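Work through the exercises below with the model open. Try each task before reading its solution.

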Amino acid sequence: MVSRFSSHQDRIIHFAVNACLAPLCSLHHSAVTTVEGIGSVASKLHPVQERIARAHGSQCGFCTPGIVMSMYALLRNNPQPSLLDIEEAFQGEVLRSYQSKTFVCSPCWWQKETYMESGWPYFLLYNPSEFMPLDPTQEIIFPIELLGLSKKPLKQLCFQGERVLWIQPSSLTELLDFKTQYPEARLVVGNTEVGIEMKFKNLLYPVILAPAFIPELNTVQRTADGILFGAACTLTRLGMVLRDAVQELPTYQTEVFRAVLEQLRWFAGQQVRNVAAIGGNIVTASPISDLNPVFLAAGCKLTLASKGSLSVKSLVVLQGQYFSAFKQSQRREDDIATVTCAMNVAFEENTNSVRNLRLSYGGMAPTTVLAKETCKRLTGRKWSDELLQDACSLLAKEMTLDPSAPGGMVTYRRTLTISLFFKFYLIVQHKLGFVLEDVRPDYASAAELFHSVFPCSTQLFQEVPPGQNKDDVVGRPIMHLSALKQATGEAVYCDDIPCYDNELHLALVTSTKAHAFIENIDTKEAMCVPGVVAFLTAKDIPGSNRTGPAVYDETVLAEDMVTCVGHIIAAIVADTQAHAQRAAKAVKITYKELKPVVTIQEAISCKSFYQPTRKIEQGNIEEGFKKADHILEGEMHIGGQEHFYLETNCTLAVPRGEDGEMEMFVSTQSTSKTQMLVAKALGVPANRIVCRVKRMGGGFGGKECRSTILSTVVAVAAQKLKKPVRCMLDRDEDMLVTGGRHPFLGRYKVGFMKTGRIVSLEVTYYSNAGNSADLSLSILERALFHMENCYNIPHIRGMGYMCKTNLPSNTAFRGFGGPQGMMVAESWMGDVALHCGLPVEQVRRLNMYKQGDRTPFTQRLEQFTIDRCWEECLSISQYNQRRKAIEQFNRQHRWKKRGIAVIPTKFGITLTSNLYSIQAGALVHVYIDGSVLLTHGGTEMGQGLHTKMVQVASKVLGIPCSKIHISETSTSTVPNTSPTAASASSDLNGMAIYDACQTLNQRLQPYKTKNPKGTWEDWVRTSPVNDTPEIVNLSANGFYKTPDMGYDFETNEGKPFNYFSYGVACSEVEVDCLTGDHKNLHTSIVMDVGNSLNPAIDIGQVEGAFMQGVGLFTLEELLYSPEGVLLTRGPGMYKIPAFGDIPTELNVSLLRDAPNEKAIFSSKAVGEPPLFLAASVFYAIKDAITAARAESGLRGPFRLDSPATPERIRNACEDSFTKLCPPAEAGTYKPWAVQV
């Protein structure tokens, strides 16, 4: 949070900023408060920190400080904020591993009030009465010294950096003089554009002029015809002034003001709006500017000066004039626009005759454009249905785009220009009610602005049995053990480890071509960068350059050929990260290009597959198809997904100076795999390498294997230079080199009876594996294991192919192929229901497995609870009532449709990659003061594994959790560990800990028997017996392997899974048929987690997995060019769910009385199984689209690929507007992006 005295507002202002974009030079005369400054674990927590921790709002914790400071800044300005204020403060905060609902949904959660929803108290998981009250009088005082300095005359400031000169002029005259002296200088107020250009676009601006404090550029002045804003006024201030004006002026005069406010509502996040300036937004001239179309359509006046001033005047509107602005983007909050527009119409007095019309669009040309020809042709016309039809035709002709236009989505963007005008037409028609017939009732909602409803939630779980010992915390919702440290910023992640005195930094040199021979590498310019120490290539690797998690088909550093964009070719080592990155960008590589294979379709065409293929078959599908009443064929594409863990990959390698020893601090899910591959690259035995992990800021499978591509390079550099070497990837680098979830294409042929009973299924899966095998075979196998989801198909055959392409190798991701397999299953299930004209939930229930049935891979279903989950989900979601209400809503609304879907999941639990992975170890030390140090093979990445393992040890040893500590995961304490993956870590490591603790109990039993009234401390001390001291070994290791596992694809025999986790979700959505936008209205989830070890953590995992699935199925889209270049690198282009994407009502219930005899204390795995339940949102969207298509006379099955982005939703809602913008014929143009 930045605090400063604003002379223009004559008060102290507090505002949250993005630290990564705030130049240090811009903070002169400011007080900076970080999360560490408002509270600490050692002293006292701030109430905000306490609440997010104790309300179970933190999981991986990497982004917790940012959320804390957003809330803290809000409370500093307004100790009693409204729910809308809270919503705005969290705009732009993204969700990856957050159990966000319990934190966000608590209304007035900084106060003492309680709140009830649906008869259940929302605070079941914690007791808010125990929270510290917020006392604004105890907050940090703004420094008196700064207050005094702020009132003195402004002085010119100058900061000279290594390559950049930063000048802060004190007056407008000085600014213009400097601009004359340095004509190429950039003007920077918030650094929200220039900062991105310099960081990610490799641009350099040697001179920066900072006019943020110049009085003339901060003025706000009301005039008779509008409000004059200085160009350095921030967007936050713009919003405050306009809101005041809207309250004070007549409604008709504030049309433009309200349009600006509507655009600001979705303009970036609050942290950006706090610093971004109006002038910067204008002169950037972005083709997708949110505000420039408004200024252009409104005819706002811009004052420019060359040695004068820069200001913008927002105009008031006259009577008989109407103004609206619209923005459509992939994600509603904090996203760049796909199309943005503003529309201004003025009528002859008391008529509906158009006197003047201005339609401006962003996203349809290199800059904001006016639809001049359309406006000219419509001026003088009556505002009528005839005008509407002509306007749509004119816009379709005028607002054209080349089929290869940057940004893609050409058909969608063109359709939006028409659809948004139609919305404007309806808005104006309603306001012209005094001369026109009002809007049709079923059209009215199309003209409504988005209304957010503050979310609510319930979390239900089974309490521990009466009489359970209070020290026995298994089954209790205890707080994540790191939550308080995460909330105060004191939790240590890999890059938080203090730098060594002689430490060096590494940057990667990566390929810019997808498939090519390396002809030459020129390092001359790179080696001249200050601080550069070394340039490393494959020749510098002392051991083997071959690497890979399953087969050694990859290189540590490329040798002669690159096989994807992002292929690591070399590395630069320098004294600082900035120098290393700068030098890496200066390396020049020439290539001889080869034709790349990028998409699944291209791989199929040229038969580019990894071996082996896989098949699972049961019954006789040919006989099944003969018996079927109907046969349908179809296909579905499921897009990939970026892990987007908040902490990018990071490695610190420290050579120990003798015998080839090296200590590796790594953000990885697989310590043993890292140890083995580093040892292989260095040419030393594994016992020379120690890999240590404290915690990770998220993993999701992305750090199971792909973290080693960085760790091995860093280790090679450290060994060569005999110094510690560190590298933490930037977000765009991480996304470029690491790969993500496998895109899948599923093709199916399904035979079924008139009743909806499915009798035969043939399905083929193609996965885009990328440029190496990685874990693709195991992922494909799991997709086949889940090809029928929860449905009993008597005749079934599944085939699987891994496509070898020139993309970065795709890898493990939460669900590990299961979601892709089940997604295709729900597609053919929906097709069958539509073809039969039956309710899809009826068809799902009809085909569902029963207790004792066998899967296609012959495994018997035991402790089968899906039927219980299904019935409970229908009950708590009030499904039947919702379905009736939706049908009524859809009859009453033409351009908005609601949909609902109930989706089950059956998810197999075990590590299927190899049998070696289904084992775990633990080491427990008991010290003579009674404290216990616990170590196991699992890593903590926010999923609460360490917390659960402490609970297990506490129960087995019979001591409080406070006596047990987990320091880290290390290969020096527990060797040969399984990766922390496949949701099996609690099962495996919990049993290993149980084994170790039982050994200790057996050793201590004689002492407990002799001293039954003694304490734990008494028993663990050395005990004299017959004057002879006895010493017991207070250290024990434990081991566990899952019994009776193994499966043979050739014979279709064996047992691939230890057990199954089950769940059901019901979701309701509302779709805007004109824009493709959707709202997640409701989700109810029932999840079978057995006897929960920790309900708070398990519910957090359910919510977090569900939201990650919402991203996968409705939002997150990886776009590649036809040449294999990832176009969506970083948060600017790749959007993961934000707070506003959480369903307005989200209920989670853990199934009661469902113990699982095959896991520790009857619990079940929970990390991955809930993710697929987000498919309920996708299929609810498809249900709504079905209703929209019916309005156009379209019925029956239709294809909807995943994710269900606004583009796909709008294009599927075919109507008269979409017909005006037909897509270009495939093959006649080169697309901007391809579906991989």
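Angles between helix axes under 35 degrees count as roughly parallel, over 145 as roughly antiparallel, 65 to 115 as roughly perpendicular, and the rest as oblique. This is a predicted model, in which local features need pLDDT of at least 70, side-chain atom pairs count only at pLDDT 80 or more, and totals for chains, interfaces and linings use all residues. Residues are numbered from 1 along each chain as its sequence is written, and side-chain values use heavy atoms, with hydrogens and water left out.

**Exercise 1. Classify the packing of α15 and α16.**

Solution.
Step 1. Find the helices. Helix α15 covers residues 385-398, and helix α16 covers residues 410-431. Helices (H or I, at least four residues) and strands (E, at least two) are DSSP runs, numbered from the N terminus.
Step 2. Take the geometry. Two packed helices are described by the angle between their axes and the distance between the axes. Axes are lines fitted to C-alpha atoms, for helices over the stretch in contact, and angles run from 0 to 180 degrees between N-to-C directions. For α15 and α16 the angle is about 160 degrees and the axes are 9 Å apart.
Step 3. Apply the cut-offs. α15 and α16 are therefore roughly antiparallel to each other.
Step 4. Add the hand. A crossing is left-handed if the near helix is turned anticlockwise from the far one by less than a right angle, and right-handed if clockwise. α15 passes α16 in a right-handed crossing.
Step 5. List the contact (heavy atoms within 4.5 Å). From α15 come Asp-385, Leu-387, Leu-388, Ala-391, Cys-392, Leu-395 and Ala-396. From α16 come Arg-414, Thr-417, Ile-418, Phe-421, Phe-422 and Tyr-425.
Step 6. Sort by class. Ala, Val, Leu, Ile, Met, Phe, Trp, Tyr, Cys and Pro count as nonpolar, Asp, Glu, Lys and Arg as charged, and the others, Gly among them, as polar. The contact of α15 with α16 has ten nonpolar, one polar and two charged residues.

**Exercise 2. Do the same for α22 and α23.**

Solution.
Step 1. Helix α22 spans residues 671-682. Its axis and that of α23 come within 9 Å and cross at roughly 45 degrees.
Step 2. α22 and α23 are therefore oblique to each other. Their crossing is right-handed.
Step 3. α22 brings Lys-673, Thr-674, Leu-677, Val-678, Ala-681 and Leu-682 to the contact. α23 brings Thr-708, Ser-711, Thr-712, Ala-715, Val-716 and Gln-719.
Step 4. The classes in this contact of α22 with α23 are six nonpolar, five polar and one charged.

**Exercise 3. Which annotated positions are buried or exposed: Leu-187, Val-188, Glu-704 and Phe-816?**

Solution.
Step 1. Fix the terms. Buried means under 20% relative accessible area, exposed over 50%, partly exposed in between (1.4 Å probe, protein chains only).
Step 2. Check the record. One UniProt "binding site" annotation, from an unreviewed entry, includes Leu-187 and Val-188. Its positions spread over 141 residues of sequence and up to 27.1 Å between C-alpha atoms. UniProt also lists Glu-704, Arg-782, Phe-816 and Thr-912 for "binding site", again in an unreviewed entry. UniProt positions are given in the numbering used here, feature names are shortened, and annotations may be inferred rather than shown by experiment.
Step 3. Take Leu-187. This residue is in strand β8 (residues 186-187). Leu-187 is partly exposed, at 43%. Leaving aside neighbours within four places in sequence, Leu-187 contacts Leu-175, Lys-179, Leu-209 and Pro-211.
Step 4. Take Val-188. The loop between β8 and α8 (194-200) holds Val-188. Val-188 is buried, at 3%. Beyond residues up to four places away in sequence, Val-188 touches Trp-166, Val-194, Ile-208, Leu-209, Ala-210 and Pro-211.
Step 5. Take Glu-704. It sits in the loop between β31 (689-693) and α23. At 6%, Glu-704 is buried. Apart from neighbours within four places in sequence, its contacts are Gln-669, Ser-670, Leu-775, Ala-812, Pro-979 and Ala-981.
Step 6. Take Phe-816. Its loop runs between β35 (795-804) and α26 (818-836). At 11%, Phe-816 is buried.

**Exercise 4. Where do Phe-644 and Lys-722 lie, and what is the phi of Phe-644 and Lys-722?**

Solution.
Step 1. Phe-644 lies in the loop between β28 (630-638) and β29 (650-655). Its phi is near 50 degrees, positive in a residue other than glycine. Phe-644 is buried, at 5% relative accessible area.
Step 2. Lys-722 lies in the loop between α23 (708-721) and β32 (725-728). Its phi is about 60 degrees, positive although Lys-722 is not a glycine. Lys-722 is exposed, at 61% relative accessible area.
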